[in-house]
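Q: Please take a close look at one loop residue of this protein, covering its exposure and its backbone. Then set that residue against other parts of the chain, and give the values as you go.

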Amino acid sequence: MQYGRRLRMLRAMKLSHSPARTRMSRRSALRALSTALPWAIAPSAAARFGFSKARAAAPDGAVVRIDPSRPIGRIQPAVHSHFAEHIGGVIYDGIWVGPESKIPNVDGIRKDTIDHVRRLGKVAVRWPGGCFADRYHWRDGIGPSERRPRRFGRWRDDTETNRFGTREFLRFCKLAGVEPYFAANVGTGTPEEFQQWVEYVNAPAGSTTLADERVANGDREPAAVRYWGVGNESWGCGGKFTPEDYCREYRRFTEWVPGYGVPLYFIAAGPNGNDTAWTRRFFAKWADYSRAPIQGWAPHYYCGTTGHALNFTHDQWYEMLHKANRMEALINDQWAALGEVDKEHKIKLVIDEWGAWHPEGTEINRRHLFEQMGCLRDALVAALTLDTFHRHAEKVDMANIAQLVNNLHSLFLADEDKFVATPTFHVFELYRPHQGAEALHLDVETPAVAFRAGGKEESIFRLAGSASRSGKDLFLTLVHSHVTEPLEVSIRVAGASVSAARRTAIHHAALNAHNTFERPAEVAPVAGDVPAQGTEARIVLEPASISRIDLKLA
Ligand code: AHR
């Protein structure tokens, strides 16, 4: 059968707009693919990704050009960071089960969570909020647990036991190999309270009374915490400040904070989404007199939802990716606004909340406020967003997906003794080799995909990605958005030969495929070799797929 006829057959099979109806077995989907495109994955060898060099390029294929001589900047490992708030089931269930629990734990911290977070690299975790942070008084969470005060939580009239406090969070960070990022209370706290928290965790034993209190509570060594958020969403739940009023508060909080030998990294609360007026007003105030120390500027961007977490049309699939893709404009616009006052661009972007936010209805436990089931679509949202951060490596110092477990766009779901990693976890693990590598300029020639949203015709990239280099290793990650058709891709490396190439990919025939306690590996990465010759490697990407291609330079 000729290529054209096979492709038409595949298009004729184009799966309808309901993801429920797109569900076909992985095996039959692969069979359909390989019948249509003889060089696509053979169903019997799903782990091999081949391309026959003799074949002509597909008419609507893509070309990816990587230029190792055009670096962008080092990809900070912290752009793959996370967020854990006292809300619903994030802390209590997701991270903390208690030392007396039958659930496997280390000092009360869920072992599954520790073991999986360890796999994410040298990232940071932001705590204790979110909106919760601007109601949190850190002294409530230190000392003997039975003496800690019980309060109503920020989100619901649930009792917050304060069983998980500063010591437990730092212990979690140590066990999981991640860096702590504390979000301090500006909304209902004081500069003194904030500065004493810095002192409590960072001052050397014996140097101050607060340091000695920490030692008495069991921690001799200071924690050397670098990252300090000064307020959260100060335009909203963090105090409903005007940018000017928040700037005034920010100055008071950050004036003369001793470092105790630690180079403190202060993060100021940025705008709601890409609100450049908030940014400009804050920095106009900031520049009108003495400039308070700011290392990171933190806009929050949730791309929201289209349809429902697990039930959406093809148009809604593309619209969701399109909304996630607005992160690129946010980074560019916020960076430009910062540059108007910070000419040397010393202040970097810290996107310390981002992700998908679906309507309720897929919680595994009703107590877990905002819990949502993450599917393949959320994995693509995560992947294309990480790629965006990499492409702007010189601008973005940190980014924290919201939230780590049992919440919005989570990497894990945990309930009693059950635990599962979502497709989004696999994206973070897949993308890990980019951490610390040098981001490279990437040129992607790609067809677009048309879709309808809000009664209008829109279009989105069919292929996007990012590339980085560490010595002779090149890492290329690609998101292929098309819901039904495969894409042939030629990868070209400027001025260097490729001696070996390997691909690891995440895809599934069902767009709403997700992992459950019963089927934890429904969506999981598969790896295989990619034929490469000279400066080129060629692959066929499955519909709705995420890939990492590791290229070894000769
Ligand atoms: O992530 C949930 C909430 O969303 C956070 O507490 C808040 O900062 C944001 O509005």
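A: Trp256 counts as exposed because its relative accessibility is 74%, and the cut-off for exposed is over 50%. The model is a predicted one, and the values here are computed from it. Trp256 lies in the loop between helix H8 (243-254) and strand S10 (265-272). Its backbone also deserves a remark: phi is positive, at about 55 degrees, although Trp256 is not a glycine.

A second residue with a positive phi makes a useful comparison. Asp93 is not a glycine either, and its phi is positive at about 120 degrees. Asp93 also sits in a loop, the one between strand S2 (81-83) and strand S3 (105-106). Its relative accessibility is 19%, so Asp93 counts as buried, given that buried means under 20%. A positive phi thus occurs at Trp256, which is exposed, and at Asp93, which is buried.

As background for these labels, the protein chain has 554 residues, of which 59% count as buried. The chain holds 13 helices and 26 strands. Among contacts between residues at least 6 apart in sequence, 76% join residues at least 24 apart.

The backbone has further points to check, this time in the peptide bonds. The bond from Trp127 to Pro128 is cis, with omega near 10 degrees. Pro128 falls in the loop between strand S5 (124-127) and S6. Another cis peptide bond joins Ala402 and Gln403, where omega is about -10 degrees. Gln403 belongs to the loop between strand S13 (396-402) and strand S14 (412-415).

Between the exposed and the buried loop residues there is an intermediate case. Arg154 is in the loop between strand S6 (151-152) and strand S7 (159-160). With a relative accessible area of 27%, Arg154 is partly exposed. Apart from neighbours within four places in sequence, Arg154 contacts Cys131, Phe132, Arg135 and Cys237. The C-alpha atom of Arg154 is 9.8 Å from that of Gly129, and 25 residues separate the two along the chain.

Helix H13 supplies two buried residues for contrast. Thr424 is in H13, which spans residues 423-431, and Thr424 counts as buried at 1% relative accessibility. Phe428 is also placed in H13 and is buried too, with a relative accessible area of 2%. Neighbours up to four places away in sequence aside, Phe428 touches His80, Ser81, His82, Leu120, Trp354, Ala382, Leu386, Ile401 and Leu411. Thr424, counted in the same way, is in contact with Asp378, Ala379, Ala382, Ile401, His409, Ser410 and Leu411. Ala382, Ile401 and Leu411 therefore appear in the contacts of Phe428 as well as those of Thr424. One partner of Phe428 is distant in sequence: Leu120 is 308 residues away along the chain, with 6.5 Å between the two C-alpha atoms.

Helix packing is next. Helix H4 (residues 111-118) and helix H5 (residues 166-176) pack at an angle of about 50 degrees, and their axes are 8 Å apart. H4 and H5 are therefore oblique to each other. On the H4 side the contact is made by Thr113, Ile114, Val117 and Arg118, and on the H5 side by Phe172, Lys174, Leu175 and Ala176. By class, the residues of this contact are five nonpolar, one polar and two charged.

H5 also takes part in the largest pocket, whose volume is about 350 Å³. This pocket is lined by 14 residues, and those closest to its centre are Leu170, Lys174, Asp219, Glu221 and Ala223. H5 gives the largest share of the lining, six residues. Helix H6 (191-202), like H5, supplies at least two. The lining is made up of seven nonpolar, one polar and six charged residues. Lys174 is one residue that belongs both to the contact of H4 with H5 and to the group closest to the pocket centre.

To return to the starting point, Trp256 is an exposed residue at 74% relative accessibility, in the loop between H8 and S10, with a positive phi of about 55 degrees.

Definitions and conventions: Residues are numbered from 1 along each chain as its sequence is written. This is a predicted model: local features need pLDDT of at least 70, side-chain atom pairs count only at pLDDT 80 or more; totals for chains, interfaces and linings use all residues. Side-chain values use heavy atoms; hydrogens and water are left out. Axes are lines fitted to C-alpha atoms, for helices over the stretch in contact, and angles run from 0 to 180 degrees between N-to-C directions. Helices (H or I, at least four residues) and strands (E, at least two) are DSSP runs, numbered from the N terminus. Angles under 35 degrees count as roughly parallel, over 145 as roughly antiparallel, 65 to 115 as roughly perpendicular and the rest as oblique. Contact means heavy atoms within 4.5 Å. Ala, Val, Leu, Ile, Met, Phe, Trp, Tyr, Cys and Pro count as nonpolar, Asp, Glu, Lys and Arg as charged, and the others, Gly among them, as polar. On a 1 Å grid over the protein atoms alone, a cavity is a set of points where a 1.4 Å probe fits but cannot get out, and a pocket is an open set with protein on both sides within 12 Å along at least five of seven lines; lining residues have an atom within 4 Å of a point. Grid points are joined across faces, edges and corners, and a volume is the space filled by probe spheres set on the points. Buried means under 20% relative accessible area, exposed over 50%, partly exposed in between (1.4 Å probe, protein chains only).
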